[in-house]
Amino acid sequence: HAPKTLVASHPDRIFAFIDEVGGRGVIKPLHGAGGAGVMILAKDDKNARSIVELLTEEGKRHVMVQEFLPSVVKGDKRVLLMDGKLLGAINRVPRSDEFRSNIHVGGSVEPCELTKNERAIVDSIAPRLRADGLYFVGLDMIGERLTEVNVTSPTGIQQLSRHVGREVSDDVIEWVERRAGELSPHLPSIPPR
């Protein structure tokens, strides 16, 4: 379901992993958003050690390193879930001079549907997300493989709303209002919209 992935801070472990996945991978800060700090890490790049030093703060901060998925040129799907239920998906396609497809760095957005395999990934992970209290989540998928679970900044709802022709954010707000009412039965209820 996912590309080969390592979370580590030690350069030797990171470079051993890069060797294991064919000499080329993607390195990502764990606490970033919008593609900031996401880079291709290639064994033969003379900047590779500097990139690892920078992103790990000389071994003090963990990063995620994944095998490079060439199918990223076709796009990176952002799949939005609310309480384990599919809200919808958009496909973010990188610019011709980029490998990152994030909207923040110039990726274009296309409407899309999930494949049978992508839907199976969503169905398998959704119960765990709910059980962990992760209700509004953005899953990223490249080539039918889960690359990230975004819980702090699951963007894409505005673009999804434009593609489906309605405000998907209303679904999120209604869920929050319903949930607040369930958790606070002694407080005045929120009037319906």
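**Note on the predicted model: pocket, charge pairs and backbone**

1. Strand β9 gives the largest share of the lining of the largest pocket, namely 4 residues. This is a predicted model, and the points below should be read with that in mind. The largest pocket holds about 720 Å³ of space; of the 37 residues that line it, K28, V38, D140, E148 and N150 are the closest to its centre. Besides β9 (145-150), the strands β2 (24-29), β4 (63-67), β5 (76-82) and β8 each supply at least two residues of this lining. Sorted by class, the lining of the largest pocket comprises 16 nonpolar, 13 polar and 8 charged residues.

2. For orientation within the fold, the chain has 5 helices and 9 strands as its secondary structure, and from the N terminus on these elements follow the order β-α-β-β-α-β-β-β-β-α-β-β-α-α. Taken along the principal axes, the C-alpha atoms fill a box of roughly 60 × 35 × 30 Å, and 41% of the 193 residues of the chain count as buried.

3. The charged side chains deserve a separate look, since the structure holds 12 salt bridges. One group of them is a network that links D76, R78, R92 and D140; D140 is also among the residues closest to the centre of the largest pocket, which gives a reader two reasons to inspect that residue.

4. Among the individual salt bridges, E57 pairs with R61, and their closest N and O atoms are 3.1 Å apart. Neither partner reaches the exposed class, because E57 has a relative accessible area of 41% and is partly exposed, and because R61, at 37% relative accessibility, is likewise partly exposed.

5. A further salt bridge joins the side chains of D123 and R119, with an N to O distance of 3.2 Å. How are D123 and R119 placed relative to each other in helix α3? They are 4 residues apart in that helix (residues 116-131), and so about one helical turn separates D123 from R119. D123 counts as partly exposed at 45% relative accessibility, as does R119 at 35%.

6. D132 and R128 also meet through their side chains in a salt bridge, at 2.8 Å from N to O. The two partners fall into separate accessibility classes: D132, at 44% relative accessibility, is partly exposed, whereas R128, at 55%, is exposed, because the exposed class begins over 50%.

7. Turning to the rings, the count comes to 1 aromatic pair. Y135 and W175 form this pair, which is tilted, with 5.0 Å from centre to centre and 40° between the planes. Y135 lies in the loop between α3 and β8 (136-142) and W175 in helix α5 (residues 169-183), so the pair ties together parts that are 40 residues apart in sequence. W175 counts as buried at 12% relative accessibility, while Y135, at 23%, counts as partly exposed.

8. The ring of F68 has a charge placed over it, in that the charged end of R24 sits 4.1 Å from the centre of that ring. As a reference distance across the model, the C-alpha atoms of F68 and Q158, which are 90 residues apart along the chain, are separated by 28 Å. Q158 itself belongs to helix α4 (residues 157-164) and counts as exposed, at 56% relative accessibility.

9. Two backbone positions may be worth checking by eye. Most residues other than glycine have a negative phi. D83, however, has a positive phi near 55°, and E144 has a positive phi near 60°. D83 is placed in the loop between β5 and β6 (85-93), and E144 in the loop between β8 and β9. Is each of these residues buried, partly exposed or exposed? D83 counts as buried, because its relative accessibility of 15% is under the 20% limit, whereas E144, at 30% relative accessibility, counts as partly exposed.

Notes:
Residues numbered from 1 in each chain as written. Predicted model: local features only at pLDDT ≥ 70, side-chain atom pairs only at ≥ 80, totals over all residues. Heavy atoms only, no water. Salt bridge = Lys/Arg side-chain N within 4 Å of Asp/Glu carboxyl O. Buried < 20%, exposed > 50% of the residue type's maximum accessible area, 1.4 Å probe, protein only. Phe/Tyr/Trp six-rings, centres within 6.5 Å; stacked < 30°, edge-to-face > 60°. Lys NZ or Arg CZ within 6 Å of the ring centre and 35° of its normal. 1 Å grid on protein atoms, 1.4 Å probe; cavity = no way out; pocket = protein on both sides within 12 Å on 5 of 7 lines; lining within 4 Å. Points joined across faces, edges and corners; volume = space filled by probe spheres on them. Nonpolar A, V, L, I, M, F, W, Y, C, P; charged D, E, K, R; others polar.
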